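Thanks for coming, everyone. I'd like to walk you through one model today, so please have the sequence and the structure open in front of you.

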Amino acid sequence: MNSVTPSLLRGDRGLAGENEKKGLTDNAFCRKAHYTAMTYAMPREQLINRASEIKVIPTLDGIVNRVFTVLGNNNSSFNDLSDVVKYDQAISSKIISIANSAYYSRGIEIFNLQRAMLTIGFEEVRSIVSCILLMEGIIKMLKLKEEDLLALWKHSIEVASAARVLAERLLVEDAQKAYTASLLHDIGKIVFYLAVPEYGEMLKETQNTGDIVALERDRFGIDHQETGYIIAVKWKFPHDFARVIRGHHGDHSSDQPDALLRVVNASDRFFSRTLSNHSTEAFILDKERNAIASEVEKIMEFLQLS
């Protein structure tokens, strides 16, 4: 018998015992590291398939494309929007409920959709319909965890409110179009939330650096811009919206010819604190910070998420 065996049998605390303990520790560490790597090593193809399989609520399936087409058209009228939403009971009821809320109520109860829309105002109705459609018709039915749902929704409405402000102040794009496009800009994150349990923690890791896209590409071979674009194409979003979803990250400077992409990108970076403090966009949004916060709070309350 070799000299090592007796020391192990006696429970000796010598070098052999230490090496064995170290080996067990290393093995445990390797198993944990391997598990973590496997968790993050979801194949690109699997995430693409997941994005392709996501469906909207059947009753809303016919209205999604029509509503976003109306909202994406600068020339859409009150009647265009009314003609689309009046056939959807859930959206109509919500608009009437909001018209009777403390924000808009004038002491007379409203039961009619047309009256409700007039009370709220066309631009506000466009924003509210965008939010209802995204929140009630798409995000909620996917049954995300409450924490993930709130994080995704709050960021989306922050960016949307900021983009509308920038579009109005810079006179470079239709404000409502910028608002709706911004609401949809991160829709690709839904795929990661559903498929990657640790995705919420990943977002927190990059909260102040804005490099979530680089992390996604490194770990999964795909980012939420690409998964979002797959969803946008499948659901037949307007081309302008799909373009923003696909390319809203990056450093789009003031000479960016795509005005819609520029305002969405600047608004997104404003909330990840990666927008240059010396930029015109940062100056405008900093002045409007409180108004944007109030808008976010109002929409969260309308959708009972505050």
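Let's begin at Val-172, which sits in the loop between helix 9 (146-170) and helix 10. Helices here are DSSP runs of H or I with at least four residues, strands are runs of E with at least two, and both are numbered from the N terminus. Val-172 has a relative accessible area of 31%, which makes it partly exposed. On that scale, buried means under 20%, exposed means over 50%, and partly exposed lies in between, with a 1.4 Å probe and protein chains only. Which residues does Val-172 touch, not counting those up to four places away in sequence? They are Ala-167, Ala-259, Arg-262 and Val-263, where a contact means heavy atoms within 4.5 Å. The C-alpha atom of Val-172 is also 9.4 Å from that of Asp-258, a residue 86 places away along the chain.

A word on what you are looking at: this is a predicted model, in which local features need pLDDT of at least 70, side-chain atom pairs count only at pLDDT 80 or more, and totals for chains, interfaces and linings use all residues. Numbering runs from 1 along each chain as its sequence is written, and side-chain values use heavy atoms, with hydrogens and water left out.

How confident is the predictor? The mean pLDDT of the protein is 79, and 78% of its residues reach 70 or more; pLDDT is the predictor's confidence in each residue, from 0 to 100. Among the elements, helix 17 (residues 280-287) has the highest mean, 94, and helix 1 (residues 4-9) the lowest, 35. Over residues 1-40 the pLDDT is below 50, and that stretch has 14 contacts in the model beyond near neighbours in sequence.

Now the overall picture. The protein has 18 helices and zero strands. Of its 306 residues, 51% are buried. Taking contacts between residues at least 6 apart in sequence, 65% join residues at least 24 apart. About 15600 Å² of the protein is exposed, with carbon and sulfur atoms supplying 52% of that; these areas come from the Shrake-Rupley method with a 1.4 Å probe, and for residues only the protein chains shown count as cover.

Back to Asp-258, which we met beside the valine. Its side chain and that of Arg-243 meet in a salt bridge, 2.5 Å from N to O. By salt bridge I mean a side-chain nitrogen of Lys or Arg within 4 Å of a carboxyl oxygen of Asp or Glu. Asp-258 lies in the loop between helix 15 (239-247) and helix 16 (259-271), and Arg-243 in helix 15, 15 residues apart. Is Asp-258 buried or exposed? At a relative accessible area of 16%, Asp-258 is buried, whereas Arg-243 is partly exposed at 27%. Elsewhere, Glu-124, Arg-164, Glu-295 and Lys-298 are joined into one network by salt bridges that share partners.

The whole structure holds 20 salt bridges. One of them pairs Glu-226 with Arg-44, with 2.6 Å between the closest N and O atoms. That pair reaches across 182 residues, from helix 14 (residues 224-234) to helix 3 (residues 44-53). Both partners are partly exposed, Glu-226 at 28% and Arg-44 at 29%.

Let's turn to Asp-186, in the loop between helix 10 (175-184) and helix 11 (189-195). Asp-186 is buried, at 1% relative accessibility. Leaving aside neighbours within four places in sequence, its contacts are Leu-152, His-155, His-224 and His-248. With His-224 there is a side-chain to side-chain polar contact at 3.1 Å. A polar contact is a pair of N or O atoms within 3.5 Å; within protein, one must be able to donate a hydrogen and the other to accept it, and residues adjacent in sequence count only if both atoms are side-chain atoms.

Ser-156, in helix 9, is buried too, at 2%. Its side chain reaches the backbone oxygen of Leu-152 at 2.8 Å, and beyond four places in sequence Ser-156 touches Ser-182, Leu-183 and His-185.

Last stop, helix 13 (residues 212-220), where Ile-212, Val-213, Leu-215, Glu-216 and Phe-220 are buried. Why do they line one face of the helix? Seen down the axis, the buried residues fall within an arc of 160°, so they share a face; the arc is that of the directions from the helix axis to the C-beta atoms. After helix 13 comes Gly-221, with a positive phi near 75°.
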